[in-house]
Amino acid sequence: MADEELPPSKLGTKAHWDEVYERENRVFDDNGDEGEVWFGGSALHKMRAWAAAHVPASAAPVRVLECGCGNGTLLLSFLVSRGRAQAYELVGVDYSEGSVRLARSVEAARREAIARGELEEENSSDEGEDDEDEDEDEDGDEDGRQRWQAGETVANPATVSWRQADLLRDDLGETFDLVLDKGTYDALALSAEPVREAAGRLPSAVYPRQVARLVRPGGFFLITSCNFTQDEVVRRFTEDGLGESCAGCRSWWERVWERRGRWAETRRRHGKRHAGHAAPSLSVQRR
(Lines give C-alpha, C1' and ligand atoms only; values in the text may rest on other atoms or scores of the structure.)
Protein backbone atom coordinates (compact mmCIF):
# COMPACT_ATOMS: atom_id res chain seq x y z
CA MET A 1 0.00 0.00 0.00
CA ALA A 2 1.32 3.43 -0.96
CA ASP A 3 2.30 5.80 1.80
CA GLU A 4 -0.15 8.54 2.61
CA GLU A 5 1.06 11.93 1.42
CA LEU A 6 1.10 14.95 3.71
CA PRO A 7 -1.33 17.77 2.92
CA PRO A 8 0.35 20.60 1.00
CA SER A 9 1.66 23.57 2.96
CA LYS A 10 3.48 26.80 2.20
CA LEU A 11 6.46 25.19 3.98
CA GLY A 12 6.82 23.06 0.87
CA THR A 13 7.25 26.03 -1.48
CA LYS A 14 10.45 27.74 -2.56
CA ALA A 15 8.71 31.12 -2.37
CA HIS A 16 8.19 30.65 1.36
CA TRP A 17 11.85 29.87 2.03
CA ASP A 18 13.04 32.70 -0.21
CA GLU A 19 10.98 35.04 1.95
CA VAL A 20 12.25 33.48 5.19
CA TYR A 21 15.90 33.82 4.22
CA GLU A 22 15.50 37.31 2.84
CA ARG A 23 14.26 38.29 6.29
CA GLU A 24 16.95 36.34 8.13
CA ASN A 25 19.68 37.93 6.01
CA ARG A 26 18.42 41.37 6.99
CA VAL A 27 18.45 40.37 10.66
CA PHE A 28 21.97 38.95 10.39
CA ASP A 29 23.22 42.11 8.70
CA ASP A 30 21.64 44.20 11.46
CA ASN A 31 22.79 42.32 14.56
CA GLY A 32 24.65 39.13 13.62
CA ASP A 33 21.81 36.80 14.66
CA GLU A 34 22.34 33.52 12.78
CA GLY A 35 18.64 32.76 12.61
CA GLU A 36 16.58 29.75 13.62
CA VAL A 37 18.26 26.42 14.33
CA TRP A 38 15.73 23.96 12.96
CA PHE A 39 14.66 21.48 15.68
CA GLY A 40 16.92 23.35 18.11
CA GLY A 41 20.55 23.06 19.09
CA SER A 42 19.89 19.74 20.80
CA ALA A 43 19.12 17.99 17.50
CA LEU A 44 22.15 19.63 15.89
CA HIS A 45 24.50 18.38 18.58
CA LYS A 46 23.01 14.88 18.52
CA MET A 47 23.59 14.62 14.79
CA ARG A 48 27.14 15.96 15.15
CA ALA A 49 27.84 13.50 17.97
CA TRP A 50 26.47 10.61 15.88
CA ALA A 51 28.78 11.55 13.01
CA ALA A 52 31.78 11.71 15.33
CA ALA A 53 30.97 8.28 16.74
CA HIS A 54 30.15 6.45 13.50
CA VAL A 55 31.87 8.05 10.49
CA PRO A 56 35.41 6.61 10.44
CA ALA A 57 38.35 8.94 10.84
CA SER A 58 40.40 9.29 7.68
CA ALA A 59 43.77 10.61 6.58
CA ALA A 60 41.94 12.07 3.60
CA PRO A 61 39.27 14.72 4.12
CA VAL A 62 35.85 13.29 5.03
CA ARG A 63 33.28 14.57 2.55
CA VAL A 64 30.03 15.82 4.09
CA LEU A 65 26.97 17.16 2.27
CA GLU A 66 24.00 18.88 3.90
CA CYS A 67 20.80 18.80 1.85
CA GLY A 68 18.82 21.98 2.41
CA CYS A 69 21.54 23.69 4.44
CA GLY A 70 19.52 26.71 5.53
CA ASN A 71 21.74 28.98 7.64
CA GLY A 72 24.49 26.34 7.59
CA THR A 73 24.79 25.84 11.35
CA LEU A 74 24.69 22.03 11.20
CA LEU A 75 27.36 21.79 8.51
CA LEU A 76 29.50 24.42 10.24
CA SER A 77 29.54 22.32 13.40
CA PHE A 78 32.16 20.25 11.53
CA LEU A 79 34.60 23.17 11.69
CA VAL A 80 35.53 21.88 15.15
CA SER A 81 35.96 18.46 16.77
CA ARG A 82 36.54 17.08 20.22
CA GLY A 83 39.93 15.55 21.03
CA ARG A 84 41.55 15.15 17.60
CA ALA A 85 41.25 17.21 14.45
CA GLN A 86 39.81 15.73 11.25
CA ALA A 87 40.00 17.26 7.79
CA TYR A 88 36.65 17.82 6.06
CA GLU A 89 35.31 18.83 2.69
CA LEU A 90 31.93 20.38 3.52
CA VAL A 91 29.26 21.13 0.94
CA GLY A 92 25.96 22.85 1.71
CA VAL A 93 23.20 22.87 -0.90
CA ASP A 94 19.93 24.78 -0.85
CA TYR A 95 17.51 25.85 -3.55
CA SER A 96 17.12 29.30 -1.99
CA GLU A 97 19.75 31.87 -2.94
CA GLY A 98 19.03 33.64 0.33
CA SER A 99 19.95 30.52 2.28
CA VAL A 100 23.31 30.25 0.52
CA ARG A 101 24.01 33.92 1.15
CA LEU A 102 23.17 33.61 4.85
CA ALA A 103 25.24 30.44 5.26
CA ARG A 104 28.27 32.18 3.78
CA SER A 105 27.83 35.07 6.21
CA VAL A 106 27.49 32.71 9.17
CA GLU A 107 30.59 30.81 8.05
CA ALA A 108 32.63 34.01 7.90
CA ALA A 109 31.54 34.91 11.43
CA ARG A 110 32.29 31.41 12.71
CA ARG A 111 35.77 31.39 11.17
CA GLU A 112 36.53 34.78 12.70
CA ALA A 113 35.48 33.41 16.09
CA ILE A 114 37.69 30.33 15.64
CA ALA A 115 40.63 32.58 14.69
CA ARG A 116 40.12 34.40 17.99
CA GLY A 117 40.32 31.06 19.80
CA GLU A 118 36.58 30.80 20.44
CA LEU A 119 36.23 27.13 19.57
CA GLU A 120 33.06 26.15 21.42
CA GLU A 121 30.15 25.62 19.05
CA GLU A 122 27.29 28.06 18.91
CA ASN A 123 23.97 27.02 20.43
CA SER A 124 25.70 24.59 22.76
CA SER A 125 22.78 24.78 25.15
CA ASP A 126 19.09 24.94 24.45
CA GLU A 127 17.77 27.17 27.19
CA GLY A 128 14.05 26.74 27.49
CA GLU A 129 13.94 23.74 25.16
CA ASP A 130 11.88 20.67 25.93
CA ASP A 131 14.40 18.02 26.94
CA GLU A 132 11.97 15.26 27.87
CA ASP A 133 13.76 12.65 25.77
CA GLU A 134 17.36 13.56 26.57
CA ASP A 135 17.83 10.59 28.91
CA GLU A 136 16.39 8.03 26.55
CA ASP A 137 18.47 9.40 23.70
CA GLU A 138 21.68 9.09 25.67
CA ASP A 139 21.41 5.39 26.36
CA GLY A 140 20.73 4.82 22.65
CA ASP A 141 24.45 5.38 22.03
CA GLU A 142 26.08 6.30 25.32
CA ASP A 143 29.58 5.31 24.19
CA GLY A 144 29.32 7.47 21.09
CA ARG A 145 28.13 10.46 23.07
CA GLN A 146 30.93 10.03 25.59
CA ARG A 147 33.52 9.88 22.81
CA TRP A 148 32.11 13.08 21.36
CA GLN A 149 32.05 14.91 24.67
CA ALA A 150 35.54 13.77 25.68
CA GLY A 151 38.56 15.87 24.86
CA GLU A 152 39.34 19.47 24.16
CA THR A 153 37.64 21.26 21.29
CA VAL A 154 40.01 21.71 18.35
CA ALA A 155 39.70 23.45 14.99
CA ASN A 156 39.46 21.21 11.94
CA PRO A 157 41.15 21.87 8.60
CA ALA A 158 37.98 22.19 6.56
CA THR A 159 36.93 23.63 3.23
CA VAL A 160 33.34 24.76 2.80
CA SER A 161 31.41 25.16 -0.43
CA TRP A 162 27.90 26.64 -0.57
CA ARG A 163 25.85 25.93 -3.68
CA GLN A 164 22.44 26.98 -4.89
CA ALA A 165 20.92 23.86 -6.45
CA ASP A 166 17.63 22.00 -6.60
CA LEU A 167 18.32 18.46 -5.39
CA LEU A 168 15.04 17.26 -6.92
CA ARG A 169 16.19 18.23 -10.39
CA ASP A 170 19.95 18.80 -10.40
CA ASP A 171 22.63 16.12 -10.52
CA LEU A 172 25.65 17.10 -8.40
CA GLY A 173 27.68 14.36 -10.07
CA GLU A 174 29.60 13.41 -6.92
CA THR A 175 29.25 11.30 -3.78
CA PHE A 176 29.88 11.86 -0.08
CA ASP A 177 30.88 9.94 3.02
CA LEU A 178 28.02 11.50 4.97
CA VAL A 179 24.84 13.15 3.73
CA LEU A 180 22.78 15.12 6.24
CA ASP A 181 19.12 16.11 6.33
CA LYS A 182 17.67 18.11 9.23
CA GLY A 183 14.07 18.85 8.29
CA THR A 184 14.57 19.16 4.54
CA TYR A 185 12.60 16.05 3.62
CA ASP A 186 9.85 17.21 5.96
CA ALA A 187 9.54 20.44 3.99
CA LEU A 188 9.82 18.90 0.52
CA ALA A 189 7.14 16.35 1.39
CA LEU A 190 4.73 19.26 1.89
CA SER A 191 4.96 20.19 -1.79
CA ALA A 192 2.26 19.01 -4.20
CA GLU A 193 4.16 20.30 -7.25
CA PRO A 194 5.09 17.36 -9.53
CA VAL A 195 8.73 17.12 -10.58
CA ARG A 196 8.53 17.21 -14.36
CA GLU A 197 12.12 16.02 -14.73
CA ALA A 198 11.22 12.88 -12.75
CA ALA A 199 8.19 11.74 -14.75
CA GLY A 200 5.85 13.95 -12.73
CA ARG A 201 6.43 12.20 -9.41
CA LEU A 202 5.97 14.15 -6.21
CA PRO A 203 9.01 15.52 -4.33
CA SER A 204 8.39 13.04 -1.50
CA ALA A 205 9.04 10.18 -3.95
CA VAL A 206 11.87 11.82 -5.91
CA TYR A 207 14.03 12.98 -3.00
CA PRO A 208 15.01 9.54 -1.60
CA ARG A 209 16.19 8.46 -5.04
CA GLN A 210 18.22 11.62 -5.47
CA VAL A 211 19.80 11.24 -2.04
CA ALA A 212 20.78 7.63 -2.81
CA ARG A 213 22.92 8.87 -5.69
CA LEU A 214 24.83 11.19 -3.36
CA VAL A 215 25.96 8.61 -0.79
CA ARG A 216 29.12 6.72 -1.66
CA PRO A 217 29.15 2.93 -1.07
CA GLY A 218 29.76 2.45 2.64
CA GLY A 219 28.72 6.03 3.36
CA PHE A 220 25.87 7.24 5.54
CA PHE A 221 22.68 9.24 5.19
CA LEU A 222 21.61 10.77 8.52
CA ILE A 223 18.14 12.30 8.69
CA THR A 224 16.14 14.03 11.42
CA SER A 225 12.40 14.22 10.76
CA CYS A 226 9.32 15.27 12.68
CA ASN A 227 6.69 14.46 10.04
CA PHE A 228 7.26 10.74 9.52
CA THR A 229 7.25 7.63 11.65
CA GLN A 230 10.22 5.31 11.92
CA ASP A 231 8.63 2.78 9.55
CA GLU A 232 7.82 5.47 7.00
CA VAL A 233 11.37 6.82 6.94
CA VAL A 234 12.90 3.35 6.65
CA ARG A 235 10.48 2.34 3.90
CA ARG A 236 10.87 5.50 1.84
CA PHE A 237 14.67 5.56 1.96
CA THR A 238 15.42 1.83 1.65
CA GLU A 239 12.66 0.60 -0.65
CA ASP A 240 13.44 -1.65 -3.60
CA GLY A 241 13.51 -0.20 -7.06
CA LEU A 242 15.61 2.89 -6.28
CA GLY A 243 18.00 1.97 -9.09
CA GLU A 244 21.55 0.71 -9.22
CA SER A 245 22.90 3.73 -7.37
CA CYS A 246 21.00 2.64 -4.27
CA ALA A 247 21.32 -1.11 -4.66
CA GLY A 248 21.93 -2.62 -1.26
CA CYS A 249 20.77 0.39 0.76
CA ARG A 250 19.69 -0.93 4.13
CA SER A 251 18.60 0.67 7.37
CA TRP A 252 21.47 0.95 9.83
CA TRP A 253 20.22 1.06 13.38
CA GLU A 254 22.50 1.76 16.33
CA ARG A 255 19.66 2.74 18.64
CA VAL A 256 20.94 6.23 17.96
CA TRP A 257 18.54 8.91 19.09
CA GLU A 258 15.66 6.44 18.70
CA ARG A 259 12.48 7.57 20.42
CA ARG A 260 11.53 4.01 21.51
CA GLY A 261 8.22 3.58 19.87
CA ARG A 262 7.22 7.20 20.31
CA TRP A 263 7.85 8.16 16.69
CA ALA A 264 4.15 8.17 15.91
CA GLU A 265 3.70 11.12 18.25
CA THR A 266 5.81 13.28 15.93
CA ARG A 267 3.99 12.70 12.65
CA ARG A 268 1.71 15.20 10.96
CA ARG A 269 3.21 18.13 12.85
CA HIS A 270 4.21 19.88 9.66
CA GLY A 271 2.60 23.15 10.70
CA LYS A 272 3.97 23.15 14.24
CA ARG A 273 7.72 22.75 13.94
CA HIS A 274 9.87 25.18 15.88
CA ALA A 275 13.39 25.56 17.18
CA GLY A 276 12.63 23.78 20.45
CA HIS A 277 10.86 20.74 19.00
CA ALA A 278 12.75 17.50 19.56
CA ALA A 279 12.71 15.21 16.54
CA PRO A 280 13.97 11.65 16.05
CA SER A 281 16.84 10.79 13.73
CA LEU A 282 17.59 7.78 11.56
CA SER A 283 20.79 6.75 9.87
CA VAL A 284 20.97 4.71 6.66
CA GLN A 285 24.18 3.17 5.38
CA ARG A 286 24.78 2.38 1.76
CA ARG A 287 26.33 -1.07 1.47
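**Exercise 1. Find out how many disulfides the structure holds, and why Cys67 forms no bond with its closest cysteine.**

Step 1. Start with the cut-off: a disulfide is a pair of cysteine sulfur atoms within 2.5 Å.

Step 2. The structure holds zero disulfides. For Cys67, the closest cysteine sulfur belongs to Cys69 and is 9.5 Å away, which is too far for a bond.

Step 3. Now check the surroundings of the two residues. Cys67 counts as buried because its relative accessibility is 0%, and Cys69 is buried too, at 4%. Buried here means under 20% relative accessible area, with exposed over 50% and partly exposed in between (1.4 Å probe, protein chains only).

A word on the model before you go on: it is predicted, so local features need pLDDT of at least 70 and side-chain atom pairs count only at pLDDT 80 or more, while totals for chains, interfaces and linings use all residues. Residues are numbered from 1 along each chain as its sequence is written, and side-chain values use heavy atoms, leaving out hydrogens and water.

**Exercise 2. Describe how the rings of Tyr185 and Tyr207 are arranged, and where the two residues lie.**

Step 1. Rings of Phe, Tyr and Trp (its six-membered ring) pair if their centres lie within 6.5 Å; planes under 30 degrees apart count as stacked, over 60 as edge-to-face and the rest as tilted. The structure holds 10 aromatic pairs.

Step 2. In the pair of Tyr185 and Tyr207, the ring centres are 5.4 Å apart and the planes meet at 20°, so the pair is stacked.

Step 3. Locate the partners: Tyr185 is in helix H7 (residues 184-188) and Tyr207 in helix H8 (residues 203-212), so the pair ties together parts that are 22 residues apart in sequence. Helices (H or I, at least four residues) and strands (E, at least two) are DSSP runs, numbered from the N terminus.

Step 4. Both tyrosines are buried. Together with Phe221, Phe228 and Phe237, Tyr185 and Tyr207 form one aromatic cluster.

**Exercise 3. Asp186 is found in helix H7. Decide whether Asp186 is buried or exposed, and name the partner of its side chain.**

Step 1. The relative accessible area of Asp186 is 0%, so this residue is buried.

Step 2. Its side chain makes a polar contact with the side chain of Ser225, at 2.6 Å. Such a contact is a pair of N or O atoms within 3.5 Å; within protein, one must be able to donate a hydrogen and the other to accept it, and residues adjacent in sequence count only if both atoms are side-chain atoms.

**Exercise 4. Work out what the buried residues of helix H4 pack against, and which residues Ala158 touches.**

Step 1. Helix H4 (residues 97-115) has 19 residues and reaches 27 Å from its first C-alpha to its last.

Step 2. Among its buried residues are Gly98, Val100, Leu102, Val106 and Arg110. The buried residues of H4 pack against helix H1 (14-31), helix H3 (73-76), strand E3 (88-94) and E5.

Step 3. Ala158 lies in strand E5 (residues 158-164) and, at 13% relative accessibility, counts as buried.

Step 4. Leaving aside residues up to four places away in sequence, Ala158 touches Leu79, Tyr88, Leu90 and Arg111; contact means heavy atoms within 4.5 Å. Ala158 and Glu89 are 69 residues apart in sequence, yet 5.8 Å apart in space, C-alpha to C-alpha.

Note on methods. Expected span 1.5 Å × (residues − 1).
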